[in-house]
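User: Could you take a close look at one strand for me? I'd like to see how it sits in its sheet, and then a bit of what surrounds it.

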Amino acid sequence: MLPEIGHFSLLISFVFAICLAIFPMIGAQKKIVEFVALAKPLVYANFALLSVAFFCLSWAFYHNDFSVTYVAMNSNSDLPWYYRLSAVWGAHEGSLLLWVWILSLWTAGVAFFSASLDDEDVARVLAVMGFIAIGFLAFVIFTSNPFERTFPLYPIDGRDLNPLLQDIGLIIHPPMLYMGYVGFSVAFAFAVAALIGGKLDATWARWSRPWTLSAWGFLTAGITLGSWWAYYELGWGGWWFWDPVENASFMPWIAGTALIHSLAVTEKRGAFKSWTVLLAISAFSLSLLGTFLVRSGILVSVHAFASDPTRGLFILIYLLAVIGGALTLYAWRADKVVSTHRYKLFSREVLLFINNVLLVAALIVVLLGTLLPLVHKEIGLGSISIGAPFFDKVSSIWFIPFILVLSIGPFVRWKQDRFSRIRNKLLVGIVPAIIVALTCYLTLQINTFFSLLGVVLATWLAALVIYELITSSKNNPLPLTHWGMSLGHLGFAALVIGIAITKVASVDKSVRISPGQSVTVENYVFNFTKVEQFQGPNYSAYHAHFDVSNGSDTFSLKAEKRYYKMHSNVMTEAGINAGLWRDIYISLGEQLDGKAWAVTANVKPFVRWIWLGGLLMVLGSIMCILDKRYRKVLAWREQKTAQPAASNTMAAENAVSKVASDTVIEQRIKFE
Amino acid sequence: MKNYKLLIPIVAFLLVSIFLYKGLYSDPTNIENANLAKPFPQFQLADLMDENKLYTKQDLLGEYTLINVWGTWCVTCRVELPFMTQLRQQGIKIVGVYYDNAAEAAFGELDVRNTRKDVTQMLAQLGNPFQFNIYDEKRDLSLDLGVTGAPESFLIDDKGTIIAHRRGAIDHRVWQNEFAPLFPSASGSQQSLEQN
């Protein structure tokens, strides 16, 4: 019964979404108050209906209702309850349902926290988000219905969840990522509504900023989690593979990064308006493009979901409607947007502009690298593959100008400045940079040019960020946005240091080893003590135990190899001893003849810094959202427009940051 | 509309969409192979089981031959061994190119005797489809063939021209669709296989 209720809720919600896209938009254009007033009730109803649908599917999973095809295909009664629940988004149909549910959540958020905005403006924004929802709801209902039954013959037990996904990292990775992807729909809807309404003022930018920042924070958290998961679960010790699906999540992230910077300029200086609108459209468009690439099976990837041309065609038509529509609107209306602000060649505006140019260049490289194999093949030039070596090479050159601009930026004044004024400040970072680089060179044997340069520049950046914080907080307390920005930049420095050092200084050794024997990697002696058999809830496993020591530091590690009977799949669980300065990483390979095993032992210095960087960026975005300046400005607007909604707005900001800070707590637990 | 620059994003997007549309209907796993319709590369390599026995391209000529690049380390190869053993029983000549994955790993001195032991054990267990195995120790032949992984299979005709190439395992369906029709006596091998 419940699956039918869920299905029915989906259908009603589809009808509501159509109404939401049509009536409030007409109402806003033709000044029909009744139509405008429809927007918020429709949004809340949609959120309630989709919550019911999502609950019904979760219920079916929790109670092992294998008469539902999707449950039978992706769950199993042996599965622990938390994996049964996370299995809801473990495959195509359910993850789409999660997608639309999250969209309805963001839409409801916008409806709830926008009391101080013009009703007509809000109606336009909500209508655009309703339009976005139509396509995805239709996609779920007509091509990927998760509530389909297997009647009359239903299986006794399910096929089990893909073992790769049976992991804590994967329980929260997709929801985070989707919160980010879908969160960009808010900025998108604001931009499109502004183009339709012809209002593109500072208010628009100010309103978009916290929403964009929270979406960006979620996306950063999602990508970081994904990378961390790949590191310990796939058993290769890698953390980023430039896989097409990773690129699909990376592209909206780059666009989002550019967007949060250009929004700052638009809000504070009234410049870059048309450019900001384009970025807001791009960030969400790239999220959609990512969805298309992942779901259509158009690219070969370890992540590939269902490959089904009809599904792909459906998303493509949807892309044409949403992205094509928005970009046409942009071409038609954006020349009405005039940035009147003037600035000189050496000013913060120009530096932020260079930041944007560099980010967009990176975006285009990743986009081309991801799509070029496809284009190349389709125009008959044969197959090529573009992989990690290409991206590594490009990004190792790209980061040099990026860090330089990033370090200088915060010191430079808006509108106009002189280089001589900041020259001496920039020198502050040089001493620590040289000391750190020398230390790295001497102790970690980092001797390649780009890695050393990476360490030097990142240290310089970090030193300047800290110096800037100290000098500017001397006179008066800094706003939270300033702290947030500095944290984000420190995060980027940590990321670069992590990558630069790990890439060069990691040592791994693959050996054939039997219990009782030992192997030495970089002063660490790995003693293989024993292998045990182990029976998990839905898998059987070998546990290989190691005692690891480098004289002063002794600990034991357990590497695991699991066999999942339902999927006849073998999974590796690496044994990791984590530390801020180095990770010790063991992965268990094949069992060789007799008692011997193939084992790979790794020493990976500074690898944690990569995720530490991500974590700092997420924290930075939370601090920015928490800043009371958004509330203050809003309160000021409220007085002006005399709308009694101050408490709502406060609650809004608090709630957003509450969600975000929960994320961080979640993350912190993971990292320890 | 005075400002034509504003049209750039929509035009770029439409161009990309055309390729996305075309890409939907082509199989991504079927990567085109530059080797198709070209002669099989020349080589001189030892037998996997006996380093004194050398093979060259001449040993592959004279009849349609299926060349299978494989290794005991490769899980998918395990899967296709039983089916290929059936093929051998149909009278199809199959030659293995053994690709040693461990060559670069630091297993100390690479000992071919261990490999031989693994191979013998695995073939005894799952069936031996191979007339003989060429040991591609330095991976030169695999490089010339443009091999990207294992298993990969090449079908060459009696004159040594590559007429089919498959990345991934060969099963009954793949054989019927991609390989069997290429044989001069296609119907014969097909029927006997379906009886199995």
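Here's what I'm after: in β6(B), which residues are on one side and which are on the other, and are they buried or exposed?

Analyst: Quick housekeeping before the strand. This is a predicted model, in which local features need pLDDT of at least 70 and side-chain atom pairs count only at pLDDT 80 or more, while totals for chains, interfaces and linings use all residues. Residues are numbered from 1 along each chain as its sequence is written, chains are lettered from A and ligands numbered from 1 in the order in which they are written.

Now your strand. On one side of β6(B) you have B:E152, B:F154 and B:I156, on the other B:S153 and B:L155, and all of them are buried, which leaves both faces covered. Buried here takes 20 or more other C-beta atoms within 10 Å of the residue's own; 12 or fewer is exposed, anything in between is partly exposed, and the C-beta atoms are placed from the backbone. With five of its five residues buried, β6(B) is largely enclosed by the rest of the structure. The split into two sides is familiar: in a regular strand, side chains alternate between the two faces of the sheet.

As for the sheet itself, β6(B) belongs to an open one of five strands, ordered β5-β4-β3-β6-β7 in chain B, with mixed pairing. (Strands are DSSP runs of E, at least two residues, and helices are runs of H or I, at least four, both numbered from the N terminus; two strands pair if DSSP finds at least two bridges between them.) The edges belong to β5 (132-135) and β7 (162-167) of chain B, each pairing on one side only. From neighbour to neighbour the strands of this sheet turn by 20° on average, direction ignored. That comes from axes, which are lines fitted to C-alpha atoms (for helices, over the stretch in contact), with angles running from 0 to 180 degrees between N-to-C directions.

Who are the partners of β6(B)? Take β7(B): residues 152-156 of β6(B) pair with it in the antiparallel sense over five bridges. Within that ladder, B:S153 has B:R166 as its bridge partner, and B:L155 stands opposite B:A164. The two strands make a hairpin with five residues between them, and B:G160 in the turn has a positive phi of about 90°. Then there's strand β3 (residues 65-70) of chain B, which runs antiparallel to β6(B) and is joined to it by five bridges. One of the pairs here is B:V69 with B:E152.

For contrast, chain A has a five-stranded open sheet as well, in the order β2-β3-β4-β5-β6, and there the pairing is antiparallel. Its edge strands are β2 (518-521) and β6 (569-573) of chain A; each has a single partner strand, so one side of each is left without a neighbour in the sheet. Twist in that sheet averages 25° from one strand to the next. β2(A) pairs with strand β3 (residues 524-535) of chain A in the antiparallel sense over four bridges, and A:V521 has A:Y524 as its bridge partner.

A bit more on chain A, since you asked about the surroundings. The chain has 20 helices and nine strands, and 52% of its 672 residues are buried. An automatic or database assignment sets the domain bounds, dividing the chain into domain 1 (1-166) and domain 2 (507-606). Their centres, taken over C-alpha atoms, are 42 Å apart. Nine residues from domain 1 of chain A and seven from domain 2 of chain A take part in the contact, a contact being two C-beta atoms, placed from the backbone, within 7 Å.

On the helix side, α17 (residues 480-505) and α18 (residues 608-626) of chain A have axes that come within 7 Å and cross at roughly 170°. That makes α17(A) roughly antiparallel to α18(A); the label needs over 145 degrees, with under 35 being roughly parallel, 65 to 115 roughly perpendicular and the rest oblique.

Last, a backbone oddity to check: A:K31 has a positive phi of about 60° although it isn't a glycine. A:K31 is in the loop between α1 (2-30) and α2 (33-62) of chain A, and counts as exposed with 10 C-beta neighbours inside 10 Å.
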